[in-house]
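Got your viewer open and a selection box ready? Let's walk through this one stop by stop.

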Amino acid sequence: MSTETPVLTVDYAHVRVVTLNRPAARNALDRALVEAAYAAFTEADAEGSVRAVVLTGTDPAFCAGVDLREAQRHGAEYFSIFESHNCVAATASMRTPIIGAINGAVFTGGLEMALGCDFLIASERAVFADTHIRVGILPGGGMTARLPLLVGPAIARRMSMTGEVIGATRAERIGLVTEVVPHEQLMDRALELARQIADVPERTMLGLKELYSTGAATVINPALAAEQRIGQAYVGGFDNIEDPLRAVTERNKSQLT
């Protein structure tokens with residue numbers, strides 16, 4: 001059993017850096033990481049001294065998404081943790097501004113978590129993919145709600161329907177990330193932007209974020225409801241997910257872990 005701390009946090013004045021920390025598993029979301037990430041987001045949002053958050057991963061990846069091995073072993077039980085500790089949805093519901101600093105691969109549930117951030121910047125090493133379709137799962141964490149708002153509906157459908165992996169340069173070109181920087185400069189740049197946010201008077205920034213969130217909700221909330229409704233209709237919850245996961249785990253191992 002691993003003894004590593006699943007999430008690391010460090011404060012730089014009014015900026016908190018939250019780092020997903022399962023590097024050997026490409027920061028895939030096992031139950032311990034799900035719970036720890038949810039707690040980190042909740043705590044940062046509750047602390048008045050934290051005015052901006054930077055979310056990143058321990059190299060070499062940002063987040064590979066669902067922990068396929070744990071999901072295969074435990075089936076519906078694995079997914080039940082998201083009912084009470086939904087770290088994927090938590091980024092989008094934060095009142096505190098949050099920047100995603102994408103340091104490497106970000107797939108599926110990890111990409112949904114990233115899409116909940118206010119904006120993303122990326123290392124030149126970052127790669128992005130929606131691989132739900134490859135593991136027999138329909139998106140349920142906001143992919144179909146948020147991805148089209150950034151990249152447009154056609155590119156979003158292409159990413160989801162093919163599972164293709166796109167690099168950082170193309171991600172910037174299509175609007176998925178706002179900036180690409182050399183890998184070794186990623187955290188310095190993320191902290192620079194976060195400090196600019198933290199320097200704005202708190203009530204002004206909270207109001208600005210609420211304005212953007214309220215406007216986006218008119219599009220996002222119906223799409224989120226549709227994800228849940230259609231996911232239940234086609235998959236029947238997570239009770240039938242174990243066999244598809246077993247069938248594709250070995251085939252996709254090199255890409256997803």
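**Stop one: the first hairpin and its sheet**

Select Tyr12 and Val15: Val15, in E2, is the bridge partner of Tyr12. What you're looking at is a predicted model. Now widen the selection to E1 and strand E2 (residues 15–20), which run antiparallel and are joined by six bridges.

Click on Ala13, which sits in the loop between E1 and E2. Its phi is near 55°, a positive value in a residue that isn't glycine. Most residues other than glycine have a negative phi. Is Ala13 buried or exposed? Ala13 counts as exposed because its relative accessible area is 70%, and the cut-off for exposed is over 50%.

Next, show the whole sheet these strands belong to. This open sheet has six strands in the order E1-E2-E3-E5-E7-E10, with mixed pairing. At its edges are strand E1 (7–12) and strand E10 (179–181), each pairing on one side only. Look along the sheet for the twist, which averages 20° from one strand to the next.

**Stop two: from E2 towards H1**

Move to Asn27, in the loop between E2 and helix H1 (31–46). Asn27 also has a positive phi, near 55°, without being a glycine. How accessible is Asn27? Its relative accessible area is 0%, so Asn27 is buried.

While you're here, show the side chains of Arg22 and Asp30. They form a salt bridge, with the closest N and O atoms 3.4 Å apart, and both residues are buried.

Then jump to Ile81, in helix H3 (residues 76–84). Ile81 counts as buried because its relative accessibility is 5%, where buried means under 20%. Draw a distance from the C-alpha of Ile81 to that of Arg31: you should get 6.8 Å, although the two residues are 50 apart along the chain. Leaving aside neighbours within four places in sequence, the contacts of Ile81 are Arg31, Val34, Glu35 and Asn86.

**Stop three: a cis bond and a second sheet**

Zoom in on the peptide bond from Asp59 to Pro60, which is cis, with omega near 20°. Most peptide bonds are trans. Pro60 lies in the loop between strand E3 (52–57) and E4.

E4 takes you to another sheet. This one is open too, with four strands in the order E4-E6-E8-E9 and mixed pairing. Strand E4 (61–63) and strand E9 (166–167) are the edge strands, each paired on one side only.

Pick strand E6 (residues 105–107) and E8: these run parallel, and three bridges join them. For one residue pair to label, take Phe107, whose bridge partner in E8 is Ala129. Then switch on helix H5 (residues 108–115), which lies across E4, E6 and E8 and runs at about 95° to E6.

**Stop four: a surface patch and H6**

Turn on the surface and colour Leu138, Ile230 and Tyr234. These three form a nonpolar patch there, with about 310 Å² of accessible area together. Leu138 comes from the loop between strand E8 (127–129) and helix H6 (143–151). Leu138 has a relative accessible area of 32%, so it is partly exposed.

Follow the chain on into H6 and show its side chains. Which ones are buried in H6? Met143, Ala145, Arg146, Leu147 and Val151 are. Just after H6, check Gly152, where phi is positive at about 90°.

**Last stop: salt bridges**

The structure holds nine salt bridges, so finish with a few of them in view. Select Arg158 and Glu164, whose side chains meet in a salt bridge at 2.6 Å, N to O. Arg158 is partly exposed because its relative accessibility is 43%, whereas Glu164, at 18%, is buried.

Keep Glu164 selected and add Arg170: their side chains also meet in a salt bridge, 3.6 Å from N to O. Glu164 and Arg170 are both buried. For a separate group, pick Asp11, Arg16 and Glu47, which are joined into one network by salt bridges that share partners.

Key:
Residues are numbered from 1 along each chain as its sequence is written. This is a predicted model: local features need pLDDT of at least 70, side-chain atom pairs count only at pLDDT 80 or more; totals for chains, interfaces and linings use all residues. Side-chain values use heavy atoms; hydrogens and water are left out. Patches are made of residues with over 30% relative accessible area and no salt bridge: like charges are joined within 9 Å, nonpolar side chains (Val, Leu, Ile, Met, Phe, Trp, Tyr) within 5 Å. Accessible areas come from the Shrake-Rupley method with a 1.4 Å probe; for residues, only the protein chains shown count as cover. A salt bridge is a side-chain nitrogen of Lys or Arg within 4 Å of a carboxyl oxygen of Asp or Glu. Helices (H or I, at least four residues) and strands (E, at least two) are DSSP runs, numbered from the N terminus. Buried means under 20% relative accessible area, exposed over 50%, partly exposed in between (1.4 Å probe, protein chains only). Two strands pair if DSSP finds at least two bridges between them. Contact means heavy atoms within 4.5 Å. Axes are lines fitted to C-alpha atoms, for helices over the stretch in contact, and angles run from 0 to 180 degrees between N-to-C directions.
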